[in-house]
Amino acid sequence: MIGRTVLTSACLTGLAVALPNPQVPGYSDGDSPFVQTPYPVSSLATSFGPDSQVPATVTSDSSPPPLVSSIFTGATSHGPYSGTPTITGAANAPTTLASEIAPMPLNPTATYYNTNGLPQNPEPAPYTPNGGLGTNGSLPRYMVNSDFDYESIALGLYQEWIELDLFNNGLAVFSEADFLSAGLTAEDRSYIAFMAQQEEGHATLLTNMLGETAPVQCTYNYPFETVREFIDFNQKLTRWGESGVWGFINHLDSREVGQLLAQSIATEARQQISFRQMLGLHPMPVWFETGIPQSWSWTYLAPYISSCPANQTRLAWQNFPALHIINQPNPNRFSPNDTKANEVVGNRTGDPSDSLIPSEESCVNLNITGVGCGPAIARNRSEPLSFPGKMVNFTWDEPGSAVGPNNSYVTSTAAGSPTFVAWVAQLNLTYTPLTITGNNTGYTYQPAGHVYGHDGVVNGTMFVALTDSDLFLTPFNLSMINPHVRALGLYQAG
């Protein structure tokens with residue numbers, strides 16, 4: 001469960017130590033009870049044909065379900081929008097009932113408690129415990145079932161469309177030699193191409209659940225100039241894409257939509273892990289993945305959408321002002337905490353770290369355990385990307401900036417002066433005091449909170465916000481923080 005913690009010092013990430021194998025705490029007799037036979041290496045195969053001969057028959061799928069988008073045919077040249085928006089602001093309902101949703105006590109129907117580990121109520125059928133939603137035999141309807149559902153899935157579709165374009169765009173603009181210089185081979189490029197094909201399926205699924213007004217693919221403005229920056233941007237974008245869905249999926253009115261969405265976002269999680277591996281980061285340095293509100297996802301995503309068709313469906317979610325982390329850890333450095341000020345490629349929240357640093361400061365081509373950061377299944381860094389107690393410096397934008405498709409959305413905030421930094425990671429919402437040092441500038445210290453045991457809160461690609469209060473919230477009602485958010489950023493903790 002999320003807990004509110006106000007801390008002045010720091011969280012997570014320990015130094016990587018090379019351990020003997022095996023060494024597992026709690027095992028008093030670790031000697032193998034069996035004879036370990038080494039893999040044979042003296043007589044490797046030299047002939048590999050013909051293919052296996054097994055009984056088979058000719059099969060075909062003569063009429064597969066159609067895709068919303070066929071194989072990628074978009075332009076490889078992308079850039080910012082230069083026109084004048086014909087409409088501005090988020091989509092609005094006929095009326096708004098209140099400035100924010102007030103906290104309420106526990107739902108009076110939340111009373112179930114099992115005292116003996118046995119079923120408490122009559123079973124509707126054999127081996128079928130009482131309860132559950134959508135289990136009464138009614139025919140599933142795989143369509144959105146409320147405004148909340150529609151706006152949430154439409155946001156998800158905007159995300160799937162940019163991923164489809166992004167993965168293909170990187171393959172189109174960078175050469176085979178460019179990828180090889182980043183340690184990525186033809187097999188890695190094929191893997192990224194397959195991820196793009198996955199997005200064709202995801203975009204089709206979400207489009208079908210929305211109907212005829214579903215958003216379509218747009219044109220995008222990407223921040224990368226090297227393969228390493230392309231991969232870094234991918235791992236950040238898939239992070240907020242996955243976390244955005246975990247934030248709303250259990251609030252959907254349509255359980256059927258939630259079921260299919262979960263089956264697609266499981267693939268998104270694997271994509272994020274894979275891009276971290278390609279960047280030489282630990283693939284999953286957390287015990288739990290984070291869920292964030294829809295307006296957070298839209299804030300991160302919108303600045304990278306250049307333009308959309310004139311009749312494109314608009315979203316109702318908020319765009320917050322950007323929070324910039326001045327000393328953002330740079331995963332391209334063997335000493336990532338020695339990052340220079342603003343060592344990212346641009347001024348947008350999700351921009352990748354600058355990979356074009358001096359070679360004598362880079363970890364990319366160092367094949368040294370604990371120091372190197374080339375592609376790998378997993379890596380431990382002798383110097384973590386960040387650590388508890390580290391001073392983290394911020395600047396933040398004023399509201400009122402034009403962002404998103406056709407510059408037609410406007411950043412806004414209902415918060416007062418910021419006094420806290422909210423760290424949203426894993427199951428926790430942790431606050432640290434914000435010290436103001438000037439006009440829209442300040443600092444805090446990375447917190448040292450834990451989820452359970454030695455699992456530190458702050459790790460991985462995670463989320464930070466400036467807030468005007470330290471409101472107590474948990475994963476299921478985190479969206480209630482939105483009226484108190486002054487600015488929103490991403491933190492590359494590990």
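**Exercises on disulfides, a helix, two asparagines and the cavities**

Cys373 is buried, with a relative accessible area of 0%, and this residue returns in the first exercise. The values below are computed from a predicted model.

**Exercise 1.** Find the partner of Cys373, and describe the link between the two residues.

*Solution.* Start with the sulfur atoms: those of Cys363 and Cys373 lie 2.0 Å apart, and a pair within 2.5 Å counts as a disulfide. Next, place the two residues in the chain: Cys363 and Cys373 are both in the loop between E4 and E5, 10 residues apart. Then look at the torsion about the S-S bond, which is 90 degrees and makes the link of Cys363 and Cys373 right-handed. Finally, check the partner's surroundings: Cys363 is buried as well, because its relative accessible area is 0% and the cut-off for buried is under 20%.

**Exercise 2.** State which parts of the chain are tied together by the disulfide of Cys218 and Cys308, and decide its handedness.

*Solution.* The S to S distance between Cys218 and Cys308 is 2.0 Å. The torsion about their S-S bond is about 100 degrees, so this disulfide is right-handed. Cys218 belongs to the loop between helix H3 (186–210) and strand E2 (219–220), while Cys308 sits in the loop between strand E3 (305–307) and E4, so the pair ties together parts that are 90 residues apart in sequence. As for exposure, Cys218 is buried at 8% relative accessible area, and Cys308 is buried at 9%. The count for the structure comes to two disulfides, and when the bonded cysteines are numbered in sequence order the pairing reads 1-2, 3-4.

**Exercise 3.** Compare the span of helix H1 with its expected span, and decide whether the helix is mostly covered or mostly uncovered.

*Solution.* Helix H1 runs over residues 147–173 and has 27 residues. From its first C-alpha to its last, H1 reaches 39 Å, which is close to the 39 Å expected at 1.5 Å a residue. Counting buried residues then gives 22 of the 27, so H1 is mostly covered.

**Exercise 4.** Explain what is unusual about the phi of Asn342 and of Asn407, and say where each residue lies.

*Solution.* Begin with the general rule, which is that most residues other than glycine have a negative phi. Asn342, however, has a positive phi near 55 degrees, and Asn407 has a positive phi of about 50 degrees. Asn342 is found in the loop between strand E4 (323–325) and strand E5 (391–396), whereas Asn407 is in the loop between strand E6 (402–403) and strand E7 (409–410). Asn342 is partly exposed, with a relative accessible area of 47%, and Asn407 is partly exposed at 26%.

**Exercise 5.** Describe the volume and the lining of each of the two cavities of 30 Å³ or more.

*Solution.* The largest cavity has a volume of about 120 Å³. Its lining is made up of 18 residues, and those nearest the centre are Arg239, Val286, Glu289, Gly460 and Thr461. By class, this lining has eight nonpolar, seven polar and three charged residues. The second largest cavity holds about 90 Å³ of space. It is lined by 14 residues, with Leu155, Gly156, Gln159, Gly241 and Val245 the closest to its centre. H1, H4 and H5 each give two or more residues to this second lining, and H4 gives the most, with five.

Notes
Residues are numbered from 1 along each chain as its sequence is written. This is a predicted model: local features need pLDDT of at least 70, side-chain atom pairs count only at pLDDT 80 or more; totals for chains, interfaces and linings use all residues. Side-chain values use heavy atoms; hydrogens and water are left out. Helices (H or I, at least four residues) and strands (E, at least two) are DSSP runs, numbered from the N terminus. The expected span of a helix is 1.5 Å times one less than its number of residues. Buried means under 20% relative accessible area, exposed over 50%, partly exposed in between (1.4 Å probe, protein chains only). On a 1 Å grid over the protein atoms alone, a cavity is a set of points where a 1.4 Å probe fits but cannot get out, and a pocket is an open set with protein on both sides within 12 Å along at least five of seven lines; lining residues have an atom within 4 Å of a point. Grid points are joined across faces, edges and corners, and a volume is the space filled by probe spheres set on the points. Ala, Val, Leu, Ile, Met, Phe, Trp, Tyr, Cys and Pro count as nonpolar, Asp, Glu, Lys and Arg as charged, and the others, Gly among them, as polar.
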